[in-house]
Structure formats: structure tokens, C-alpha cells
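Biologist: Before we start, could you put the model up on the screen? I'd like to ask how you arrive at the words you use for it.

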Amino acid sequence: MLDSVVRRELQEAVGASHFFDSPADLLAYSYDATPLYQAMPDAVIRCADAAQVGAVMKICSRYCVPVVPRGSGTNLSAGTVPVKGGLVLDLSGLKRIVEIDQENLTVTVEPGVVTKQLHAAVEALGLFYPPDPGSLVISTLGGNIAECAGGLRGLKYGTTKDYVLGLEVILSSGELLRTGGKNTKDVAGYDLTKLLVGSEGTLGIVTQATLKLLPLPEAKRTALAFFTSLENAARAVSQIIAARIIPATLEFMDNATIRVVDEFTGIGLPTDMAAVLLMEQDGPEVICERDLAQMAGICRGVGAVEVKVAATAEEGLKLMSARRAALSALARKRPTTILEDATVPRSRLAEMVRAIQQIAAKYALEMCTFGHAGDGNLHPTCMTDERDREEIQRVEAAFAEIFAAAITFGGTITGEHGVGLAKAGYLDWKVGPTGIALMKGLKAAFDPCGLLNPGKLFAGETRRRVTVHL
């Protein structure tokens, strides 16, 4: 519970209309999009501007009140669950597109701007912001920056960190820090901008960001390739990249995902296939045509039974929408859907998918796998029921083995969802004790009292490393 003095000071700083502590409000901010995790905050503040964020942090710093910054709550690693109580700081009200600078090809935004709204605003001017997380219809840019969100276009265009040029950040003390700017080159000191991107709200609270834009691609072409074996699909991915083709999108769905997505969308996917590759290229029309023809030829050459090229932009959008519907389709199957993002070098893609299937069978679980084949970022997704504690124990054991397999294949425990609370116990598996100690030192330098998003990234106890026989 917040002390009455703290409560009064916070209300005076932001106004009573921005302060909430009713049971209904606290419940609404006690969870995010991650199943199995929930914790009640002591209060919620919906900030209207950066000045309020700074005022709140000065008070919380003075009284050692934990603060969890939050946007739309689409996080998939329990990164915005207030596990230590304290204050949830809702930044979705800071939603201005401050400036679209067409001379410097930048856009300056507040953290509450929804990703898709930014896409629409800049594309109307013939510009392009490539990062496109699956939750782009609702996710906010502040959350994208906190998690270094990826998406379907990550292979060709990179992820959020590749587009953040500058930040305005409120530190735990309430001080304002500005990093970077509109400069294409800037090596003045440590790159604090890149450090803050992906720091999951543990180092500072982003109140404004300057993002890089590109010219909008002239054209876009889309195709689907169907395979009777996972290995052939994986070979196609490797050969496409080896042919010096970098598609805008190169996505993968296994058989279980194909069946569920087709049932959900009704677009007529062949449900007897072992795997589908969704390929998209953008750029000049002639380049799109050339690359799609080459990719189709590569797929046929390694055993694709069919390659379907979208005849129109509308048909291409329909195919892309089917892939984006994967999580929604899977979520209909059971009461609880746990979506993960183990990532491996793309050359180990088929081995990783096989390992996921073997581990799911070992633990008698219903698991589908889809993801970003071009960058090796897979989303093993388990349909379960959190009320069945015995099954949830099997789910947790299975994912531990999946993460161990990813690391064995030279991969990582998370490619884009972040560590948060859900995977804090596994971070040591990836970075080791020296890496953990260094990261904790950085955390202490930015946030000496540990007030910002406590309980995330660093677990009280590292999980026991499991051995997998692959």
C-alpha cells in the first residue's frame, strides 16, 4: 500500500484525474499478454506528458516506490506485470506524432503512439517505418523500443534498434536524459541510445523518440511455397539467402499451424503439407518480379510441391494476413496460449523445429511452430489450460528443454519478446555469470535504488540447466 503522504504528493503532481487505485483499475493493470503471471500494483497513474513522468519519478525516488512503465500491455514475457507492487505508469496518453521531418527522413514520436498509426502517417507521405511486430495494430512505440520489437520484416530491414536515432528518457531520479538525435553519424561517447533500446524499462522511461524513416518501396510481391518435409523448407531458406536474395519477409509455418490457420481463415491452405514458406519482396517492380521468380525456382528445386504467387496486391495482403492471424487462430484451441520465441541460426532451422516437435511429444503437449524463418526466430506455441497444474508443469519443463536446445544450436532464449519476468531464470544460460554481473552493474548505474521495473531480467535464482538429447 502506498503511504498516505506519497499518495497525496502523487495526486498533487499529476492531478486527481490521472491517479487511480480502485480495485477494478488495479486489476486491469495486474497482467499483460503473458499467461500465468499476475500481480497487483498499489496505484496507477496515466500520464499526460513528459513533465508528469518526471514529477512522478522524483516522488517515487524520494520514497523508494517501485515503478513499472507500460503502454498497451501486449508484452509476451510478463515485462509489465508489477511483481513488486508499487506504481504502474501508463504512458499510452503520450501519443503525439511530434514531427515528420521529410528533409532528414526522421519522425519524432511520443511513446503512446500505436505502431500501425505511425505506419499509416508516414506512408501517406511516401515514407516507410519498417519494424512491424505482430501486435502492431495495438502495440505502442514505447513498448516496441523497450523490447526492441522485431516482426515479419526483420530479415531485410532489421529490428527496432536499427531505427532509433535518439531518445528522451526520464531516469529513476526524475532527471531528463537526451541521447542521440537526427544525425546519421554520432560517436560522442558510449552509445546510450542503443543501450536503452531493449532494456525493458529497467534503465529509464522513454518519453520521446526520434526514429529513422526510409522511402516507401515502390512495389510488393508475395508467394507461398508448400513442402512435404521440414528439411526441404529449411534448405529453401538457406539457398534463398545463399543466392544473395534478401526477402522483405520469409516466414515459416509447420503442419500443425497450417491446419489451425486454415480452419480460422478459410483461405484454402493445403493441410497435408509439412511446412509452408511465406515469401515477400518489395522494391522496384522489376526487382520484385525477378526475386520472386528466383525464390520460386529455388523452392521447386529443393522439393516444393507447389509455389503460389499472388496475382494482385489484394491477394498478397490476404496471404500475409493469414500468417499474421496465426496467434489468434491458435488461441481459439485451448483456454491458455503460451507463445515463445526461441531463436537459432537459420542453418539450424529444421533441426530446431524437429527438436520442438520431439520435446512436445515427450511431454504430451499440443504445440505449433511458426515464425521468421529468414532470421531463425521461431515461435513454438503451446495450447494448454493454466487451471491444469500438472499440465502446466509439463509445459514449463518442455520450454526449458526448448531453450536449452536453442542454445545448443548456437541460438538464444529470446529473439524479440524480451526476458522480462517469464525468462529471467534462463538469462544466465545465455550470457553467463560474467554477463549477468556486468548487466547488474549497468542497472545500478542507471537505477541505484532498483525502482524501475523491478524483478525483470534478473532472477532471484537461475534455473537449473537441463540437458537435451538431440
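What follows is a chat about the terms used for this predicted model.

Biologist: Let's start with the sheet. How do you know which strands stand at its edges?

Modeller: Look at the order first: the 7 strands run E15-E12-E14-E13-E17-E18-E16, with antiparallel pairing, in an open sheet. Strand E15 (306–309) and strand E16 (336–339) each have a single partner strand, so one side of each is left without a neighbour in the sheet. On average, neighbouring strands here are turned by 15° against each other, direction ignored.

Biologist: And what makes E16 and E18 a pair?

Modeller: Two strands pair if there are at least two bridges between them. E16 and strand E18 (residues 377–384) have 4 bridges, in the antiparallel sense, so they pass that cut-off. You can look at the partners yourself: Leu 339 is opposite Thr 381 in E18, and Thr 336 has Thr 384 in E18 as its bridge partner.

Biologist: What makes you say that both faces of E16 are covered?

Modeller: Side chains in a regular strand alternate between the two faces of the sheet. In E16, Thr 336 and Ile 338 are on one side, Thr 337 and Leu 339 are on the other, and all of these are buried.

Biologist: Okay, helices next. Why are H8 and H10 called oblique to each other?

Modeller: Their axes come within 9 Å and cross at roughly 140°. Roughly antiparallel needs an angle over 145, and roughly perpendicular means 65 to 115. The angle fits neither, and H8 and H10 are therefore oblique. Their crossing is right-handed.

Biologist: Which residues meet there?

Modeller: Ala 236, Gln 239 and Ile 240 from H8 meet Met 295, Ile 298 and Cys 299 from H10. Helix H10 (residues 285–301) also lies across strand E12 (219–227), E14 and E15, at about 5° to E12. Helix H9 (residues 255–265), on the other hand, lies across strands E13, E14 and E17, and runs at about 95° to E13.

Biologist: Why does Thr 249 count as buried?

Modeller: Buried means under 20% relative accessible area. Thr 249 has 1% relative accessibility, so it counts as buried. Thr 249 is in strand E13, and its contacts beyond four places in sequence include Leu 152, Met 279 and Met 320.

Biologist: What about Ile 267, buried or exposed?

Modeller: Ile 267 has 19% relative accessibility, and so it counts as buried too, given that the cut-off is under 20%. Ile 267 sits in the loop between H9 and E14. Leaving aside neighbours within four places in sequence, Ile 267 is in contact with Asp 262, Lys 318, Leu 319 and Ala 322.

Biologist: Last topic: the core. Which residues touch the most other members of the largest nonpolar core?

Modeller: In that core of 57 residues, they are Phe 227, Leu 277, Met 279, Cys 299 and Met 352. Elements that give two or more residues to this core include E12, E14 and E18, and the largest share, 10 residues, comes from H14.

Biologist: What does Phe 227 touch?

Modeller: Not counting residues up to four places away in sequence, Phe 227 touches, among others, Ala 236, Leu 277, Cys 299 and Val 302. There's also a second, separate core of 27 residues, with Val 164, Leu 177, Leu 196 and Leu 211 among them.

Technical notes: Residues numbered from 1 in each chain as written. Predicted model: local features only at pLDDT ≥ 70, side-chain atom pairs only at ≥ 80, totals over all residues. Heavy atoms only, no water. Axes fitted to C-alpha atoms, helices over the stretch in contact; angles between N-to-C directions. Contact = heavy atoms within 4.5 Å. Core = buried A, V, L, I, M, F, W, Y, C linked by side-chain atoms within 4.5 Å. Buried < 20%, exposed > 50% of the residue type's maximum accessible area, 1.4 Å probe, protein only. Parallel < 35°, antiparallel > 145°, perpendicular 65-115°, else oblique. Left-handed = near helix turned anticlockwise from the far one by under 90°.
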